[in-house]
Amino acid sequence: IVVLVTALLVVAYNLLFVYVHPNEYGIKVVRMGIQRGVQKEVYTAGLQWVIPGIQQMYRLPRDIQVLELTDYPRTASEAARKDKVAHIQTSDGFFVDVDASILYRIEDPYLVFTKIGPGHLYEENGIIPKAEPALKETLGKLTTEDFYNSPRRAQKSQEACDLLNEELNSKGIRVEQ
């Protein structure tokens with residue numbers, strides 16, 4: 001009887017509660033009922049009550065995320081999301097392949113969830129399609145020689161960061177660097 005009760009409690013616990021980790025946000029979606037839809041309340045770390053089949057908790061990262069644009073994925077960080085290198089045409093007509101690391105965070109998980117979507121769509125539909133065009137627009141103003149001038153390159157990188165923030169802040173994402 002003890003084993004059966006313990007098993008029943010474990011199954012009930014796993015069905016009725018979702019643990020939101022300290023480095024995550026939780027967004028609850030109600031599938032049926034009066035208040036169905038995405039709930040505006042953002043859940044923080046801890047156990048959260050969820051009714052199976054009616055409610056679902058989605059978790060989004062709270063800490064800084066990394067997107068690395070590189071053709072050498074073995075040199076990239078293990079935790080980083082990898083995408084292809086940025087292929088940029090300079091102002092003097094030459095092409096430069098730029099390895100870049102973009103540090104960003106989710107500022108407003110409700111906006112991210114409602115404007116971009118659940119899961120990792122904040123990467124697929126949010127940051128990745130905007131990163132390379134922003135780098136091309138800003139770094140493309142440099143000449144090939146300017147890429148070796150670190151103050152100019154840093155200035156254009158900051159402009160790319162500002163441009164990305166203009167596009168992504170309204171969707172709940174902020175680019176740090």
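Is Glu 132 buried or exposed? With a relative accessibility of 15%, Glu 132 counts as buried. Keep in mind as we go that this is a predicted model. Glu 132 makes a good starting point for a walk through the structure, since a salt bridge links Glu 132 to Lys 136.

In that pair, the closest N and O atoms lie 3.5 Å apart. Why do these two residues sit about one helical turn from each other? They are four residues apart in helix α3, and so about one helical turn separates Lys 136 from Glu 132. The two partners differ in their surroundings: Lys 136 is partly exposed, at a relative accessible area of 39%, whereas Glu 132 falls in the buried class at 15%. As a general point, side chains of opposite charge can pair when their charged atoms come close.

Let us stay with helix α3 and look at what packs against it. Helix α3 covers residues 121–139, and helix α4 covers residues 150–168. The two helices pack at an angle of about 140°, and their axes are 9 Å apart. Angles over 145 degrees would count as roughly antiparallel, so α3 and α4 are described as oblique to each other. Their crossing is right-handed.

Which residues make up this contact? On the α3 side you will find Gly 126, Ile 127, Lys 130, Ala 131, Ala 134, Leu 135, Glu 137, Thr 138 and Leu 139. On the α4 side, the residues they meet are Arg 153, Lys 156, Ser 157, Glu 159, Ala 160, Leu 163, Leu 164, Glu 167 and Leu 168. Sorted by class, the contact has nine nonpolar, three polar and six charged residues.

Two of the α3 residues in this contact are worth a visit. Gly 126 lies in helix α3 and is buried, with a relative accessibility of 1%. Setting aside neighbours within four places in sequence, Gly 126 is in contact with Ile 116, Leu 121 and Leu 168. One of these partners, Ile 116, is ten residues from Gly 126 in sequence, and their C-alpha atoms are 6.5 Å apart. Thr 138 also belongs to helix α3, and it too counts as buried, at 4% relative accessibility. Beyond its neighbours within four places in sequence, Thr 138 is in contact with Lys 156, Glu 159, Ala 160 and Leu 163. Those four names also appear among the α4 residues that meet α3.

Now cross over to helix α4, where Arg 152 is found. Arg 152 is partly exposed, with a relative accessible area of 42%. Which residue does Arg 152 pair with in a salt bridge? The partner is Asp 146, and the closest N and O atoms are 2.5 Å apart. Asp 146 counts as buried, at 13% relative accessibility. Not counting residues up to four places away in sequence, Arg 152 touches Leu 142 as well as Asp 146. For a sense of distance, Arg 152 and Glu 176 are 24 residues apart in sequence, with 19 Å between their C-alpha atoms.

Glu 176 brings us to another charged pair. It forms a salt bridge with Arg 174, where the closest N and O atoms are 3.0 Å apart. Both partners are partly exposed: Glu 176 at 30% relative accessibility, and Arg 174 with a relative accessible area of 31%. Salt bridges with shared partners join Arg 105, Glu 107, Arg 174 and Glu 176 into one network. Altogether, the structure holds eight salt bridges.

Two stops remain, away from the α3 and α4 contact. Val 38 has its place in strand β3, residues 37–43, and is partly exposed, with a relative accessible area of 29%. Leaving out neighbours within four places in sequence, Val 38 is in contact with Ile 27, Lys 28, Val 29, Tyr 110, Phe 113 and Thr 114. From Val 38 to Ile 27 is eleven residues in sequence and 7.3 Å in space, C-alpha to C-alpha.

Finally, turn to helix α1, residues 2–16, where Asn 14 is found. Is Asn 14 buried or exposed? Asn 14 is exposed, with a relative accessible area of 53%. The C-alpha atoms of Asn 14 and Lys 141 are separated by 54 Å, and these residues are 127 apart along the chain.

Terms used:
Residues numbered from 1 in each chain as written. Predicted model: local features only at pLDDT ≥ 70, side-chain atom pairs only at ≥ 80, totals over all residues. Heavy atoms only, no water. Axes fitted to C-alpha atoms, helices over the stretch in contact; angles between N-to-C directions. Parallel < 35°, antiparallel > 145°, perpendicular 65-115°, else oblique. Left-handed = near helix turned anticlockwise from the far one by under 90°. Contact = heavy atoms within 4.5 Å. Nonpolar A, V, L, I, M, F, W, Y, C, P; charged D, E, K, R; others polar. Salt bridge = Lys/Arg side-chain N within 4 Å of Asp/Glu carboxyl O. Buried < 20%, exposed > 50% of the residue type's maximum accessible area, 1.4 Å probe, protein only.
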